[in-house]
Amino acid sequence: MPRRIVSLQPSATVILAAVGELDRVVACTKYCADVVPELALRHRIILADSWTADADQIIAAHPDLVIASVPYQEKAVIEILKSGTRFLGLAPKSLADIYLDIATIAGMVGASDRGQRVIARMQQQIEQVSARTAGLPRPRVFCEEWGKPLIASQAWVAELVEAAGGEFVGAPGRQISAEDVTLMDPDIVIAAWCGAGDRVPLEKIVRERKWQGSRAARTSRVYCIRDEHLNTPAPTLLCGLDALASAIHPELFRTTEGIRQITSVPSSTAVDLPL
């Protein structure tokens, strides 16, 4: 059973915290510390992430397990393998994959029962939101995880959008053009850029992409949701679900932390699209 874990993946760090095994983390990335603030109080070693992994840094932490995400850049994979440490790579696509990752990590640290409780809590809360939105109108929602290039959010976000009472438009995890989003004309646009926290410049992207005449912009239904709430495949997603629900059905769900709505739509000479 691993006692000294290097976590290069924020979701793995969140999972270890959720099952009460954070003390096993001896080193992590700054992104892990951002998502699990109590790490800062425990003076963990901060090292490079999955994309810029450094074998010497990993070796210096004396771990018996490295947890990271895939796909990687080839150089990063080589660095992780050069450390000679047992290695667990995570590549979830769906909520089912995320539940499996939780069960796997919990099992490796002897916390299987706690892992199952975390999974059950996530499933229960998602099912409760889904039940509340059943039968309601389903606004069409475009979610993006990156702005340049424009990339739609992952499949697990699409599942959360559906649970929150919306219809996810576009292909999850795929690059798409701003013009194609214009043609889809979603009712709601949500930006959750990897690594950007809650700092996505909503007015700027609407202006630069010429979305001023879109349905979402005209009704001020353009939002930023904190990066870790949608892009960290872990129990953190429950915060993202709350934010999505408040954006999609504000008449039913109160506004929560981690979501920001556009405050003004830039002027444009674009032809308005019919509502």
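**Figure 1. Strand E10, covered on both faces.** In this predicted model, strand E10 (residues 222-225) has both of its faces covered, with Val 222 and Cys 224 buried on one side and Tyr 223 and Ile 225 buried on the other. In a regular strand the side chains alternate between the two faces of the sheet. Strand E9 (residues 188-191) is joined to E10 by 3 bridges, and these two strands run parallel; within this pairing, Val 189 has Val 222 of E10 as its bridge partner. E10 is also joined by 3 bridges to strand E11 (residues 259-261), but here the strands run antiparallel, and the bridge partner of Cys 224 is Arg 260 in E11.

**Figure 2. The cavity lined by Val 189 and Asp 185.** The structure holds 1 cavity of 30 Å³ or more, and the largest cavity encloses about 40 Å³ of space. Its lining is made up of Val 181, Thr 182, Asp 185, Pro 186, Val 189, Trp 211 and Ser 214, which by class amounts to 4 nonpolar, 2 polar and 1 charged residues. Among these lining residues is Asp 185, which is found in the loop between helix H9 (178-184) and E9. Asp 185 has a positive phi of about 45° although it is not a glycine, and its relative accessible area of 11% places it among buried residues because buried means under 20%.

**Figure 3. The largest pocket and the elements around it.** The largest pocket has a volume of about 1000 Å³. It is lined by 34 residues, of which Gln 9, Trp 51, Cys 194, Asp 227 and Asn 231 are the closest to its centre. Two or more lining residues are given by each of helix H1 (10-18), helix H2 (30-35), strand E6 (140-146) and helix H12 (227-231), and the largest share, 4 residues, comes from H2. Sorted by class, the lining of the largest pocket consists of 15 nonpolar, 10 polar and 9 charged residues.

**Figure 4. The buried and exposed faces of helix H6.** Helix H6 (residues 95-108) has 14 residues, which at 1.5 Å a residue should span 20 Å, and this agrees with the 20 Å that separates its end C-alpha atoms. The buried residues of H6 are Leu 95, Ile 98, Tyr 99, Asp 101, Ile 102, Ile 105 and Ala 106. Seen down the axis of H6, these buried residues fall within an arc of 155°, so they line one face of the helix. An α-helix has 3.6 residues a turn, so residues three or four places apart point the same way. On the face of H6 that is turned away from the buried side are the exposed residues Ala 96 and Leu 100.

**Figure 5. The open sheet of five strands and its edges.** The sheet shown here is open, with 5 strands that follow the order E3-E2-E1-E4-E5 and pair in parallel. Its edge strands are strand E3 (45-46) and strand E5 (87-90), each of which pairs on one side only. At the E3 edge, strand E2 (residues 25-28) is joined to E3 by 2 bridges, the two strands running parallel, and Cys 28 stands opposite Ile 46 in E3. The other edge strand, E5, contains Leu 88, which counts as buried because its relative accessibility is 16% and the cut-off for burial is under 20%. Leu 88 and Asp 101 are 13 residues apart along the chain, and their C-alpha atoms are separated by 10 Å.

**Figure 6. Unusual backbone geometry in two loops.** Most residues other than glycine have a negative phi, and most peptide bonds are trans. Lys 148 and Pro 149, however, are joined by a cis peptide bond, with an omega of about 0°, and Pro 149 has its place in the loop between E6 and strand E7 (151-152). His 62, which is not a glycine, has a positive phi of about 55°, and this residue lies in the loop between helix H4 (55-60) and strand E4 (65-69). At 58% relative accessibility His 62 counts as exposed, whereas Asp 185, with its own positive phi of about 45°, is buried.

Methods: Residues numbered from 1 in each chain as written. Predicted model: local features only at pLDDT ≥ 70, side-chain atom pairs only at ≥ 80, totals over all residues. Heavy atoms only, no water. 1 Å grid on protein atoms, 1.4 Å probe; cavity = no way out; pocket = protein on both sides within 12 Å on 5 of 7 lines; lining within 4 Å. Points joined across faces, edges and corners; volume = space filled by probe spheres on them. Nonpolar A, V, L, I, M, F, W, Y, C, P; charged D, E, K, R; others polar. Buried < 20%, exposed > 50% of the residue type's maximum accessible area, 1.4 Å probe, protein only. Pairing = 2+ DSSP bridges. Expected span 1.5 Å × (residues − 1). Arc of directions from axis to C-beta.
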